[in-house]
Structures are given as structure tokens and as C-alpha cells.
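Me: Please take a close look at one strand in this model. Which side chains does it offer, and what do they meet?

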Amino acid sequence: MMKKIVFGAALLLSALAARPAAAQEYNWGVGARLGAWMGPSVKYNFNPSNGVEAIVGIAKGGFRVTGLYERTIPFNVSGLNFYYGAGLNFGNWKQDDDGFKNSFGIDGIAGIEYRVQGVPLAFSVDYKPYLELAGHDGFGWSDAALTIRFVF
């Protein structure tokens, strides 16, 4: 059953991403990521298919700075793109009796972004799981968000 789901998803994505047009229609995007981890986001696309993103996420009891490398695949709809990537995070957490403690981990990301035509705005919805390797150990699976960016 899982093989059928993965095959179907891959087939759908390849059909939608079949156009040769440029994936990203902007270089810089600055905005806010609104989800379990809320905060500013800056994205830079150094070519139509590759970019980097920096996110400062703030949540109850701490913060996390995340750097991601992202690949972008265009859909057959103008301004609509799929993206995925991976990166690293560094954070600082309030512990119950120990004060604050640093953490370090790896992140993945997958999402869909829509660049509004004729307006300097882009909206994206993504899922960003992470694995903390030091400090605040554990797997975070609930980091989904809406990001709104001013693009130029």
C-alpha cells in the first residue's frame, strides 16, 4: 500500500512539474513564518531552482535559528512551486531547574509556495520536521507553518 502511495505522489508531482519555466520569479523574500515556531524568515534564490532560507523561530521556552538549503520545482500553474530541502538549527531552551540550555539539530522542509502575480508577495505552506542532536534531544514532527513574504 505504501509503495502505491509513494508511486502515485511521485507520478503526480512529475506531471505537475513538467514545464521547463523558471521555478522562482524573485531573488529575495523577507517575511514572517506563522506556526508552532513563529518568527522572521529570509529567503534568497541564487538561481531559479536553488535557494537558501534563514528562519528565527520563537516558541514557549526558547528559540531556534535555522538555516536551510532548498530546491524548487515549478508546477504547471504560473507562480506555484514545490520546494524541499534540509539544513541545521541552533537553539536555546529554558530548562526547569537548570536555567537555559543550548541545542543543535538537523531539519528537513517540504512545502508549496505561491508567488502572487503583479504583487510583490509570496505565500507558502510547509512542513519542517527536525531532530535535535544535542541539548534538547528529540524529534519534532509538529512544525508546519504559513509564511508570508514581501519579494523583490
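Reply: Buried means under 20% relative accessible area, exposed over 50%, and partly exposed in between (1.4 Å probe, protein chains only). The model is predicted: local features need pLDDT of at least 70, side-chain atom pairs count only at pLDDT 80 or more, and totals for chains, interfaces and linings use all residues. Numbering starts from 1 along each chain as its sequence is written, and side-chain values use heavy atoms, without hydrogens or water.

The strand is β6 (99-115). Strands are DSSP runs of E, at least two residues, numbered from the N terminus. Phe-104 lies in β6. Phe-104 counts as partly exposed because its relative accessibility is 37%. Phe-104 joins a nonpolar surface patch of about 810 Å², with Ile-106, Leu-131 and Leu-133 among the other members. Patch residues have over 30% relative accessible area and no salt bridge; nonpolar side chains are joined within 5 Å, like charges within 9 Å. Areas come from the Shrake-Rupley method with a 1.4 Å probe. Both β6 and β8 (130-134) give two or more residues to this patch.

Now the charges. A salt bridge puts a Lys or Arg side-chain nitrogen within 4 Å of an Asp or Glu carboxyl oxygen. Asp-107 meets Lys-128 in one (2.8 Å, N to O). Asp-107 sits in β6, Lys-128 in the loop between β7 and β8, 21 residues apart. Both are buried.

Glu-113 meets Arg-149 in another (3.1 Å, N to O). That pair links β6 to β10, 36 residues apart. Arg-149 is buried at 1% relative accessible area. Glu-113 is buried too, at 0%. Shared partners join Asp-107 and Lys-128 with Arg-33, Asp-126 and Asp-143 in one salt-bridge network.

Terms used
Helix = DSSP H or I, 4+ residues; strand = E, 2+ residues; numbered from the N terminus.
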